[in-house]
Amino acid sequence: DELRRNIEDSFAMFIFVHDSYLLSGYCRQELEHFASLYGEAGFRERLYLIAMSESATQKLQASDDWKRLCPIKDLVWQKFFRDDKHDRPIEIYASNARNKRAVVAEAFWNRFVDVREDLADRIRAVLAKEQVAPAYPLAAAAREVVLPEDETLVRVYIENNTDQNK
């Protein structure tokens, strides 16, 4: 129920596709609920597909569940795997950081900024069209939702699993 509410309360959904994603029935349920809420328009306008591995992405697209839930062939996948090793995600942190400080790697940062700016543009477009903040697109209509006092806040919900660090 909490997972469903979080999807309903979200403007967009990001799927990070890697081998663990393929094995997760929980991730499939999340995608099924997203599809039931937003349909084809949601897949085009609200779904971000982050490819952490080329082979995992290909396996997902070939799966019966994916074909059933997402019959769209021309979705845009954001490539977050290495150019030289397509089954390895790009490094998030630079390996040559001085003073052992966490510094975001340039390749990751550039791709992240592209996704961030695209999301911001989509939110601005909805805001301009509807003249209302799109933070709670379906939930507000379905049940009473108390909006945050500061409407400029952005809430990020991250679904994960206990085995993700393995």
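The following dialogue goes through the sheet and some aromatic pairs of a predicted model.

Student: How are the strands of the sheet ordered, and is the pairing parallel or antiparallel?

Tutor: The order is S1-S2-S3, the sheet is open, and the pairing is parallel.

Student: What makes S1 and S3 edge strands?

Tutor: Strand S1 (13-17) and strand S3 (77-79) each have a single partner strand, so one side of each is left without a neighbour in the sheet. On average, neighbouring strands of this sheet are turned by 25° against each other, direction ignored.

Student: How do you know that S1 and S2 pair?

Tutor: Two strands pair if there are at least two bridges between them. S1 and strand S2 (residues 47-51) have 5 bridges, in the parallel sense, so they count as a pair by that rule. One of the bridge partners is Ala51 in S2, which faces Val17 as its partner.

Student: Which helix packs on the sheet, and which strands does it touch?

Tutor: Helix H6 (residues 106-130) packs there, touching S1, S2 and S3. The direction of H6 makes about 175° with that of S2.

Student: Why is the pair of Phe34 and Tyr38 called tilted?

Tutor: Rings pair if their centres lie within 6.5 Å, and these two are 4.9 Å apart, centre to centre. Planes under 30 degrees apart count as stacked, over 60 as edge-to-face and the rest as tilted. The angle between the planes of Phe34 and Tyr38 is 50°, so the pair falls in the tilted class. Both residues lie in helix H3 (residues 25-45), 4 residues apart, about one turn of the helix.

Student: Why do Phe34 and Tyr38 count as buried?

Tutor: Buried means under 20% relative accessible area. Phe34 has 1% and Tyr38 has 13%, so both meet the cut-off.

Student: What makes the pair of Phe108 and Phe112 stacked?

Tutor: The centres are 6.2 Å apart and the planes make 10°. That distance is within 6.5 Å and that angle is under 30 degrees, so the rings pair and count as stacked. Phe108 and Phe112 both lie in helix H6, 4 residues apart, about one turn of the helix.

Student: Why is Phe108 called buried, and why is Phe112 called partly exposed?

Tutor: Phe108 has 19% relative accessibility, which is under 20%, so Phe108 counts as buried. Phe112 has 33%, which lies between 20% and 50%, so Phe112 counts as partly exposed.

Student: How many aromatic pairs does the structure hold, and which residues form a cluster?

Tutor: The structure holds 8 aromatic pairs. Phe34, Tyr38, Phe43, Trp66 and Trp77 form one aromatic cluster.

Technical notes:
Residues numbered from 1 in each chain as written. Predicted model: local features only at pLDDT ≥ 70, side-chain atom pairs only at ≥ 80, totals over all residues. Heavy atoms only, no water. Helix = DSSP H or I, 4+ residues; strand = E, 2+ residues; numbered from the N terminus. Axes fitted to C-alpha atoms, helices over the stretch in contact; angles between N-to-C directions. Contact = heavy atoms within 4.5 Å. Phe/Tyr/Trp six-rings, centres within 6.5 Å; stacked < 30°, edge-to-face > 60°. Buried < 20%, exposed > 50% of the residue type's maximum accessible area, 1.4 Å probe, protein only.
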